[in-house]
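Let us walk through this structure together, one region at a time. Keep the 3D view open as you read, and turn it whenever a new element comes up.

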Amino acid sequence: MRPLKLIMSAFGPYAGQTVIDFSQLGEQGLYLITGDTGAGKTVIFDAVSYALYGQTSGGVRDANMLRSQYADADTPTFVELEFSFRGKCYRVKRNPEYRRPAKRGTGMTKEKAGAELYYPDDRVPVTRMSEVDKSIVELLGLNHKQFTQITMIAQGQFRKFLDTNTDERSKIFRDLFHTYFFQQLQDKLKQDAAAKRNEFAEQQRRSEQALNGVSCIYPAYTEQLQSFALRHYEGCVEEVLTLVDTITALDEKEQQQVAAAAAIVTKNLTALQDSLGAIAKKQQLEKYMQTTEAKMVSMQKQLEQEAAAAVQRQEALQKLEAEVNEAQKGEVELAQLQTERQQLAARQRELLQLQDMQQRYQRQEVVLLQKRQEYKQACDNFNHLNELSDTCFDRFLSAQAGLLAHDKLKPGKPCPVCGSCEHPQPVQLAQDAPTENDVEQARAKAEAAQKIRDGLIGEGKALKEHLELDKTLLLGKGVELLGCDDLKLIAERAQSELKDVNNKITALRLKMGFLQEKVEQYRKLAKTLEQQKAVDKQAEAAAQSIRQQLAGAEGQLQELKKQLAEQNELLTYVDEQKLQQEHEKLLVQQRELELQDKRLYAAIKNNQRIKQEVSGYEARRAACEAEYSLINSLSATLNGTLTGKKRVNLETYVQMHYFDKILQRANVRLLHMSRGQYELCRDKMQDADSKTGNSKTGLDLEVKDYYSGNLRSVKTLSGGESFMASLALALGLADEVQSCAGGIQLDTMFVDEGFGSLDDSSLQQAIATLQGLSEGHRLVGIISHVHDLQEMIDKKILVRKKRGQQGTGSEVALVVD
């Protein structure tokens, strides 16, 4: 499948109709999709996936999220993809469910989701969504999940196929490789026999690689190891392993000697540290005594200060209690004034509301007068423009004779009016004669002025009716509040009474303000009184605590003096400087012995690990011969019915074969991208104990790290390493699908982000891999912000956000150097 043209309308950030012509990018090579953050680069991949399967590439955006928030209400939302498959062009169009303006009446209605598929021949287009979904899967041979895992490495989704479990991977392989049918199984078994011979050589290579890492510090044995390495350990693996045991035994013996020396140094250090500890304890006791004495002087001074402060606090408390009693009397009077003020405020609001109604009525009278003036001006403007339109039309009719003479009268030809062939005085065409377009424009201006005039008539009538209603309400309110129904008298009485009410409220506010200050003063004084009582109580408790601490400090000081006397008696003949020098010397020896012990421990563990790995490799190499014989007789065990033998499920076995081929293709690229560090391996631990016909060989993945020599889970890979492994696995799967699965053709691949996690060298390797992939008839699209990619890749799709006068949403431009 290769995209040729993509049309997005009101889709994602693309407000209008956006067309991307992929055919301009050629039939092969790399192209980069780059641009502003959030402009809609990934939406391009989403649109391709949605057009084919009705789902986005990463599965993050739901169908009801695809309608553009920048689009006009009348702009339809849809995606249309024209693509080629096996040399023929197809076209598919989809739209999600969204809200649009109703075609009849007002309001919004729901546009149902739809899909259409058009074939290159005369077949009737498919227009039912479920049938379109089914037809696309039958045509491409891939469902949406397989399509995104094989051809699209979506943003944030590149680890999914790498980390998926055996059951999920088995379901994918079942559909991709048609493992329901095994007519060609006999030929496949011959290929596996050859693969086992290759595996025999591979186990030998791994043994050699592991043995090259043996640690040895003994010159004689180092020379022997080098001589074995020159022979690639051919026929001498057991001899080398025996030599490794000898080296390990020597390292263990030396390690024991180092441990014994370290024990002696540790014993001497302990003795020295005891003496140095006694000196430190003496110094510490002297310091504690000085600190305790100073602390006792400070506490005695605090007690004297606290006694004086207690007298001052008692005097302050008595004064505060008298002030609180005086301030309490204003609360009752303040409550009475508050009630009176509320009554006046209610009357004030009623009068202000009446004034607002009167002012609104006066404003509406002014507006009505203005509308009448506007209506008069509109009438004058209409009469003027109508007169100009009539004049223009008369001039146009008058100019027809001149136009006829200019275009039709030729010497010697009859006049279309009188038939004469002589034209002595033809009418001249006026230079400023109006055209038919001028007449239409003049008439349109007159009609527009007439509409404005007619509209002002309706507005004036509505204003007048509203004014009459407001007048009725105003008079009714005047009778209710003031007992009069005259507009002028209502205004005067309302103004006078409002003035009186305002004066009373002002007087009350001043009086209440004075009383409020007294009430606030009472509340503050009451709160201050409680706080002062609490402070006095806390101060007394603090003084009692200081007295207790002082008594304790006196006892502690006596005990310190006693301990110091004992330490002075013990350290009478000790030379502290010599002890420090000896202590430093022993510490240096201890560190050297610890480093030597760690080196020996690492060498022993490394050699033990190598022996264990090589023993495993040799055992598996021997097992390869037995498995080769088993494969030759496997045709008798296709149904897993042999008693006493391993039972291998046929479908699972075939899937293992495809998976190994995929990993072989993937590792060609992964070893290149990781500079020889990583290789993907199928987890074969599940094979060894398979004893029932229903058991499955594991399709889980491990990664071989040649730098450490260990096998580990692919989930332990970092972000950049996972991206490289996922990319290699996806490319290997795509190659194997096209190679083995009939009817599936993958001419396009999409990679969304992931390159930002790669260093410069890994980025170069990844791009080189993709360029090698695209040397055939394959087009590879990459979404990335990495600046180096913009210099490496010539073909680009630039996506940017519109700003300012350019409008809203995003736009796309193709750059093909």
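**A guided walk through the model**

Start with Ile44, which touches Leu6, Met8, Tyr14, Ile20, Phe22, Ile33, Ile797 and Val799, leaving aside residues up to four places away in sequence. Keep in mind throughout that this is a predicted model. Ile44 also belongs to a bigger picture: the largest nonpolar core holds 88 residues, and Leu6, Ile44, Leu52 and Phe83 are those with the most contacts inside it. The element that gives the most to this core is helix H16 (residues 719-740), with ten residues.

Next, look at the five-stranded sheet. This sheet is open, its strands follow the order S2-S1-S4-S5-S8, and the pairing is antiparallel. Which strands stand at the edges? They are strand S2 (14-21) and strand S8 (114-118); each has a single partner strand, so one side of each is left without a neighbour in the sheet. From one strand to the next, the twist averages 10 degrees.

Now zoom in on one pairing in that sheet. Strand S5 (residues 88-95) and S8 run antiparallel and are joined by five bridges. If you would like a residue pair to find on screen, try Val92, whose bridge partner in S8 is Leu117. Two helices pack on this sheet as well. H1 touches strand S1 (2-11), S2, S4 and S5, and its direction makes about 105 degrees with that of S1. Helix H2 (residues 129-140) packs on the sheet too, touching S4, S5 and S8, with its direction at about 40 degrees to that of S8.

From here, follow the chain to the loop between helix H1 (41-53) and strand S4 (78-85), where you will find Ala73. Is Ala73 buried, exposed or partly exposed? Its relative accessibility is 43%, and because buried means under 20% and exposed over 50%, Ala73 counts as partly exposed. Leaving aside residues up to four places away in sequence, Ala73 touches Arg67 and Pro101. The C-alpha atoms of Ala73 and Arg100 are separated by 6.1 Å, although these residues are 27 apart along the chain.

Let us turn to helix H11 (residues 436-482). How does the distance between its ends agree with its 47 residues? At 1.5 Å a residue the helix should span 69 Å, and its end C-alpha atoms are 69 Å apart, which agrees. Just after H11 comes Gly483, which takes a positive phi of about 75 degrees.

Further along there is another sheet to visit. Its three strands form an open sheet in the order S10-S11-S12, again with antiparallel pairing. Strand S10 (678-682) and strand S12 (710-713) are the edge strands, each pairing on one side only. Here the twist averages 35 degrees from one strand to the next. Strand S11 (residues 701-705) pairs with S12 in the antiparallel sense over four bridges, and the bridge partner of Lys704 in S12 is Leu711.

Finally, consider the cysteines. A disulfide is a covalent bond between the sulfur atoms of two cysteines. How many disulfides does a search of the whole structure find? The search finds zero. As for where individual cysteines sit, Cys379 is buried, with a relative accessible area of 18%. Cys624 also counts as buried, at 2% relative accessibility.

Definitions and conventions: Residues numbered from 1 in each chain as written. Predicted model: local features only at pLDDT ≥ 70, side-chain atom pairs only at ≥ 80, totals over all residues. Heavy atoms only, no water. Core = buried A, V, L, I, M, F, W, Y, C linked by side-chain atoms within 4.5 Å. Buried < 20%, exposed > 50% of the residue type's maximum accessible area, 1.4 Å probe, protein only. Contact = heavy atoms within 4.5 Å. Disulfide = S-S within 2.5 Å. Pairing = 2+ DSSP bridges. Axes fitted to C-alpha atoms, helices over the stretch in contact; angles between N-to-C directions. Expected span 1.5 Å × (residues − 1).
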